Every structure is written in structure tokens, then in C-alpha cells.
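Here are my notes for a first look at this structure. Please read them with the model open beside you.

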Amino acid sequence: MTTGSASGSAIKVSSETGTLKRLLIHSPDRGLGKVVPSKAQDWLFEDIVHLDTMRRGEYDYYVKLLLYFLDPDKIKGRVGEIDNDPSRSFFIPGSENYFASDCVVDIQRLLGEILEDAQTRVKLTAAICGIERCSYRIQEELYTYDPHELAKIFISGSYSDKRMLFAPLPNLIFTRDIGIVINDHILLNKPAKAARTRESILAQFVFFYHPLFEHIRENLIEIPENERHFLLPDDEKASDFHRCTLEGGDVMMVSPKHLLIGCSERTSLYAAQQVMKILFDKNIVEKISIIKIPKKRDYMHIDTIFTQVKKNIWVLLGSLARLGDEAKKKDVLHFFAPADNRGEFRILQFRKGNAKQPREIENLEDLLSEISAEDLGASEPVKFIYSGGNEFPYGEREQWTDSCNLLALKDGVVIGYDRNDKTLDAFRKEGFKIITAKDLLEKFETDELSPSTLADTFIMLPSAELSRARGGSHCMSMPLLREFL
Ligand SMILES: NC(=[NH2+])NCCC[C@H](N)C(=O)O
């Protein structure tokens, strides 16, 4: 693939809100349409989804917006024509009309490209057939497929004639979780859930073999397994001190020197500690704050409880933050109030050279205020927007449908779901404009608005199907390049 766009092949992310220039995504593939009710939970979906609605009515808007901000030449003046094509060929990697952007990059396309090389094809086919326990004959047969069709098979688990070969990877749409760019390094994940294992093998091959990442191959970081783990009885293996798992939704590059790592249902303390050691030894960051959150499906990663909106503005879940504490102090009892989870919540900050003496930070707001004011030098007062306006019980309800999981396209301009009404009201109160993806695209087409002049805006993405997959726009993106904030 050519990487000759304005931004070349640079890979660098040092903040959560610097103008987004390049990212990895994955459009919902045919595998999502194969999820059955009895497997939905095992495959980490809350429900089965209607694939056509999810694509045409929801995700395609996300892609159109990303293109308008990151690679406008691919889309400007064409929205009507693209929308009127019943085959959606613009969105299908490999089709003649595919948008093939070097800024909005589908991992499926990169996978197809690396599979064009015969040696890579043999290696990856063997690796996938190994974990999926395919017969030798299937392995041989797969090897003969067209590389781009093979990429589809590896991701969706099924042939184009609908036969299923192995389980789909419905969670690959959440590219955030496969890896994280930390300055000019990429940290590869170690998924906690079996349903996401194949994703990490595909990602490993893409990062190690695709020319896009060639110049930073030395900067790919893999977390070593805990060698003691192999010798432990099964019931001890699950312990946070031995297990070595990490998913990208728990890692946030908030400023050039400061990284946040969540310890959660998915990311173990052991893995966080290994990452800390590697990053300090390699001099990649100077400060790491570890945020331990309750191990609960509701909050699987830290990016489900807070994300950054602007240098000085954050959206977060009140019940795990300082406000949760204050409500308790005031002795506010509510019949249906959820059990207090803050007990399991803790923040410790470690510094390079002094990693044995961490500093305890009392609550999320204190940590986030420090990041805005000290790390990023925000000149305006730090503000917090709470999920559901912190009104009971909407805080928890809207967090569940990703009110706190927003993707910043640039400082102060975010994409989020359209369904979290109370959170949207809270954004309005802070002076944000709220606009649907559809209206915004129309206004871009008529030049009434433009991505470069847009400020303090929440762009609403339709979300009835997408939110059943339990991830928002932050999870659906793996930023590869952001401008310096
Ligand atoms: N970074 C995130 N919050 N990702 C959300 C992933 C959702 C996905 N269904 C899972 O459970 O794995």
C-alpha cells in the first residue's frame, strides 16, 4: 500500500485529543451476522445484532465522518452518490469503489496486503489453523485462497459461500483493544478473553509484517508471559498477581510523558507492572498512573468510565469518581442506589527512577485535573461532564451504553452515541453544540460547516445496534497518528 499521504507513514500518538490524522478501524464484517443468542455472551456481545442496520444506518456514518476529518478528498461531494449505492461498495475493502484511504485504515485491508506474500500466508495460516484446530487439509486449502478473501475468512470465520470454519471475531470492530500507540512505540495486547485471542494473532502479523509499520518494527512492544504461570494450578492462575493480560481500552496516552493503565476485568496488575518496567527502561514515558477499577463487566476497561474531550474537559462516571464519595458523605441513601464500588477503586502514580515509591491519588478528578493543568498546561479551568448528568439512575444507565467512551477527532470535537440523552444535556450545559452525524455531513457537503473550523461539538452517531456490542467510538478506533496538542 502507498503511505504517501500528507502525513507520510508517521506513527505517533502523545495525547488523547490532538487532531487525529491516521487510525486503524474495522467495519462490521459478515461474522457479526453469525452471532447466535446462545453464544452472544461468550463472544462478549450483549445481544445479537442486525448487521445491515449496524453497517448502513450506523457504522457507515462513522466512516464518512472519519474520512471528512482525516482524508476529505475521498468523500467531499460524493456523500449522496455513496449513500445511494445499495451495494455499499465504497465501504467494502477489496471492492472497486473502496475508499482505500491511507488515513482511515481498515485492518482487514492491511491483513489482505500482508497475505499477498507467500511466506507470510503460510505462517499465518498455520498459526490460525493451530489455535482453531483445523485439519491439515483445510490448512492446505486455505493457503490457495486469494489473499483478500483469506483475510475475510480469518476475520469472519466463514467462507464467502456461508460455510463456517471457526468462530467469528465480532469484537474486532473495537480496534482500540488490539494495541496502543505510545509516542512512537506500539504496545501489543494480551487479550483476557478467549473470544479475542485470534484478533491478537492477526494484529501481531499486521504490525510485524506490514510495510506501514516497517520503520518502527523495533518499537513494537510485546509483554512477556509470566513463566511461573505455566506451573500454577488452574484455580490460582486467575489471580491478578500471576495472570498476564492487557487490552488497549485500559491504556491511555494522555500526554507525551504520562501514560494511564487501568487494572480491570481485562488487564491484570502483573501485566501493568511488566509494561511499566519496559516503558521506564526504554525511556518511553516518565510517569505511569495505575487506575484499579472494580472487575465488573459494566466497566471492562478504563475507557468505559472516562475519556478526554478537550485539554481541560473530561467525561466520566460519577459513581466511581469523587462525586460518588460526596454523595456518601451527605448520607444520600436511595432505595435503588447501586452498591458502592469505590472500595476497589485506587489510583497509584509511579515515576521513572522512583517506581518503588508511588504516590496515591485520592480520586479520578484529582488525577484528571493534574493531567489537564500540569501535563498539558491547559489555561482554562478543568471541567468534568458526568455520565447522565450524574442524575440517578442515568449515570449508570448511560455509562452502560458508552456515554463515557468518546473519540476526540480534535481538541473539543468528539464522536459519541446519540442515545445518552442526559449526558448530551450535560454537554449542552457546558456550551457544546450537539449535532447528528447525518446533519453534519450535509452541512459539510454544502460548506455551511467545515471540519477545520468546528469547535466544541458533540457529533451523535446512531447507536441502537452498535451499543449492543458494548463499545463506543473510543473503542472503535486505534489512533496511529495525532498532531501534537
Ligand atoms: N475499549 C473498550 N472499552 N472496548 C470494548 C470492547 C467490547 C467488547 N464487546 C468486549 O467485551 O471485549
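1. Start with helix α2, residues 51-70. It lies across β14, β15 and β17. Its direction runs at about 145° to that of β17. Keep in mind throughout that this is a predicted model.

2. Now the sheet under that helix. β14, β15 and β17 belong to an open sheet of four strands, in the order β14-β15-β17-β16. The pairing is mixed. Two strands form the edges, β14 (407-410) and β16 (433-436), and each of them pairs on one side only. From one strand to the next, the twist averages 30°.

3. Look at one pair within this sheet. Strand β15 covers residues 413-417 and strand β17 covers residues 457-461. The two run parallel and are joined by five bridges. To find the register, go to Gly416, which stands opposite Met460 in β17.

4. There is also an open sheet of five strands. Its order is β6-β7-β8-β11-β12, again with mixed pairing. The edge strands here are β6 (251-255) and β12 (359-361), each pairing on one side only. Neighbouring strands are turned by 25° against each other on average, direction ignored.

5. At the β6 edge, the partner is strand β7, residues 258-263. These two run antiparallel, with four bridges between them. Met252 stands opposite Leu260 in β7. Helix α10 (residues 269-281) packs on the sheet and touches β7, β8 (287-292) and β11 (346-351). The direction of α10 makes about 165° with that of β7. Helix α12 (residues 364-375) packs on the sheet too, touching β6, β7, β8, β11 and β12. The direction of α12 makes about 40° with that of β6.

6. Turn to the helix pairs. How do helix α4 (residues 107-114) and helix α7 (residues 147-156) cross? Their axes come within 8 Å and cross at roughly 125°, so α4 and α7 are oblique to each other. The crossing is right-handed. On the α4 side, the contact uses Gln108, Leu111 and Gly112. On the α7 side, it uses Pro147, His148, Ala151, Lys152, Phe154 and Ile155. By class, that contact has five nonpolar, three polar and one charged residues.

7. α4 also packs with helix α8, residues 197-209. The angle is about 65° and the axes are 10 Å apart, which means that α4 is roughly perpendicular to α8. α4 passes α8 in a left-handed crossing. Ile107, Leu110, Leu111 and Ile114 of α4 meet Leu202, Phe205, Val206 and Tyr209 of α8. This contact has eight nonpolar residues, no polar and no charged ones. Note Leu111: it is part of the α4 contact with α7 and of the α4 contact with α8.

8. α8 has a further partner in helix α5, residues 118-132. The axes come within 10 Å and cross at roughly 165°; α5 and α8 are therefore roughly antiparallel to each other. Their crossing is right-handed. Thr120, Leu124, Ala127, Ile128 and Ile131 in α5 meet Thr197, Arg198, Ile201, Phe205 and Tyr209 in α8. The classes here are seven nonpolar, two polar and one charged. Phe205 and Tyr209 of α8 meet α5, and they meet α4 as well.

9. Finish at the ligand. Which residues come nearest to it? Of the 15 around the ligand, they are Leu44, Gly249, His301, Gly471 and Cys475. The shell has six nonpolar, five polar and four charged residues.

Conventions. Residues numbered from 1 in each chain as written. Predicted model: local features only at pLDDT ≥ 70, side-chain atom pairs only at ≥ 80, totals over all residues. Near = placed C-beta within 6 Å. Nonpolar A, V, L, I, M, F, W, Y, C, P; charged D, E, K, R; others polar. Axes fitted to C-alpha atoms, helices over the stretch in contact; angles between N-to-C directions. Parallel < 35°, antiparallel > 145°, perpendicular 65-115°, else oblique. Left-handed = near helix turned anticlockwise from the far one by under 90°. Contact = placed C-beta atoms within 7 Å. Pairing = 2+ DSSP bridges.
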